[in-house]
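Let's take a walk through this structure together, going from ring contacts to charged pairs, then to a helix packing and a few backbone details. Keep the viewer open as you read.

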Amino acid sequence: MYPLGAAETFSIAEDLGYDGVEIMVTHRAETQEASQLNEWAWRFGMPIKAIHAPTLLLTQQVWGSAWDKIHKSAELAQQVGCDVVVAHPPFRWQGTYASKFAEGIAEIEERTGVMIAVENMYPWRAGGREAAMYLPHWNPVPYDYKHVTWDFSHAATAEDDSFEAVKALGSRLRHIHLTDGWSNGFKDDHLVPGHGNQRVVEAMELVAQPDFAGEGFQGAVAVEVSTRSARKEVGERERMLAESLAFARRHLGQE
């Protein structure tokens, strides 16, 4: 719901009929305080389904070192009663955090019982060249991560095929960022699902199958669409989020 706050997120989610929310930890104190988040979750009847660790470039000053960000996110997840932390793959310049990332998050998972679901990103391109920003890679699918978050908009920017990725991940897929985008190689759109060219319908209907990965999908689907463009039109943000929810329910077979 950025740039709106967490309280508005809980309130609008309740109004539109969502089942819960995902909280991204930012510089705003309200996103870091379990007591406040738990009060809103209770007040609005909206459980917190995932914590997004402050691993973005714009949150590099939040919660200290790279490892502190993951440790504190796992602790916050425990305090608000959810079992998933979304984390971006490390940047190449982050030293031992980057080189020991897979081993480190596995240790945190074992110690806390919280799943660290590594999110797919995309290559950074400029002037016809591609910069290697992430270690070991922007795509978590081929690597030794026990749990993965799949983001359809990031896949579009990477010009990846979400349906094939979801199929390949199987039971390792533990969280989904439901959105869409156009395969353009440089812009991260975060469109309402169905408004881009990702294979979102096929991927969601695959996940909805009772025998997906032999056990059915065990995670949550979080709508992550950019609503900043809706600020000029009254009700436009709510319309976008309602459409996204209807899309999810339809293709997850929950209508």
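Trp67, Tyr97, Phe101 and Tyr145 are joined by ring pairs into a cluster. Keep in mind as you look at these rings that the model is a predicted one. Two members of the cluster, phenylalanine 101 and tyrosine 145, are both well worth selecting in your viewer. Phenylalanine 101 is buried, at a relative accessible area of 1%, and tyrosine 145 also counts as buried, with 5% relative accessibility. Their ring centres are 5.9 Å apart and their planes stand at 75°, so this pair is edge-to-face. The pair links distant parts of the chain, since phenylalanine 101 belongs to helix α5 (residues 101-112) while tyrosine 145 sits in the loop between β6 and β7, 44 residues apart.

How many aromatic pairs does a search of the whole structure find? The count is ten. One of them is formed by phenylalanine 91 and tryptophan 124, an edge-to-face pair with 6.4 Å from centre to centre and 75° between the planes. Phenylalanine 91 comes from the loop between β3 (84-87) and α4 (95-99), and tryptophan 124 from strand β5 (residues 124-126), so the pair ties together parts that lie 33 residues apart in sequence. Is tryptophan 124 buried or partly exposed? Its relative accessible area of 28% makes tryptophan 124 partly exposed, whereas phenylalanine 91, at 3%, is buried.

From rings we can move on to charges. Searching the whole structure also gives ten salt bridges. In one of them, aspartate 19 is paired with arginine 249, and the closest N and O atoms are 3.4 Å apart. Aspartate 19 lies in the loop between α1 and β1 (21-24) and arginine 249 in helix α9, so this bridge ties together parts that are 230 residues apart in sequence.

Another salt bridge joins glutamate 164 to lysine 167, with 3.5 Å between the closest N and O atoms. These two residues are three apart in helix α7 (residues 162-169), which means about one helical turn separates them. Both sides of this bridge are partly exposed: glutamate 164 has a relative accessible area of 38%, and lysine 167 has 44%. The bridge also belongs to a wider arrangement, a network of salt bridges that links Asp161, Glu164, Lys167, Arg199 and Glu202.

Next, look for arginine 174 and glutamate 215, whose side chains meet in a salt bridge of 3.6 Å, N to O. Arginine 174 is in strand β8 and glutamate 215 in the loop between α8 and β9, so parts of the chain that are 41 residues apart in sequence are tied together here. Arginine 174 counts as buried because its relative accessible area is 17%, under the 20% cut-off. Glutamate 215, by contrast, is partly exposed at 40%.

Helix α9, which we met through arginine 249, also packs against another helix. Helix α8 (residues 200-207) and helix α9 (residues 236-251) have their axes 8 Å apart and an angle of about 50° between them. That angle makes α8 oblique to α9. On the α8 side, Val200, Val201, Met204 and Glu205 take part in the contact, and they meet Phe247, Ala248 and His251 in α9. Sorted by class, this contact has five nonpolar residues, one polar and one charged.

Finally, a few backbone details. Most residues other than glycine have a negative phi, and most peptide bonds are trans. Which peptide bonds are cis here? One runs from tyrosine 2 to proline 3, with omega near 15°, and proline 3 is in the segment before α1 (6-16). Another goes from leucine 135 to proline 136, with omega near 0°; proline 136 has its place in the loop between β6 (129-131) and β7 (148-151).

Positive phi values deserve a look too. Histidine 190 has a phi near 50° and is found in the loop between β8 (173-178) and α8. At 12% relative accessibility, histidine 190 counts as buried. Alanine 213 has a phi near 55°, and its place is in the loop between α8 and β9 (220-223). With a relative accessible area of 38%, alanine 213 is partly exposed.

Key: Residues numbered from 1 in each chain as written. Predicted model: local features only at pLDDT ≥ 70, side-chain atom pairs only at ≥ 80, totals over all residues. Heavy atoms only, no water. Axes fitted to C-alpha atoms, helices over the stretch in contact; angles between N-to-C directions. Helix = DSSP H or I, 4+ residues; strand = E, 2+ residues; numbered from the N terminus. Parallel < 35°, antiparallel > 145°, perpendicular 65-115°, else oblique. Contact = heavy atoms within 4.5 Å. Nonpolar A, V, L, I, M, F, W, Y, C, P; charged D, E, K, R; others polar. Buried < 20%, exposed > 50% of the residue type's maximum accessible area, 1.4 Å probe, protein only. Phe/Tyr/Trp six-rings, centres within 6.5 Å; stacked < 30°, edge-to-face > 60°. Salt bridge = Lys/Arg side-chain N within 4 Å of Asp/Glu carboxyl O.
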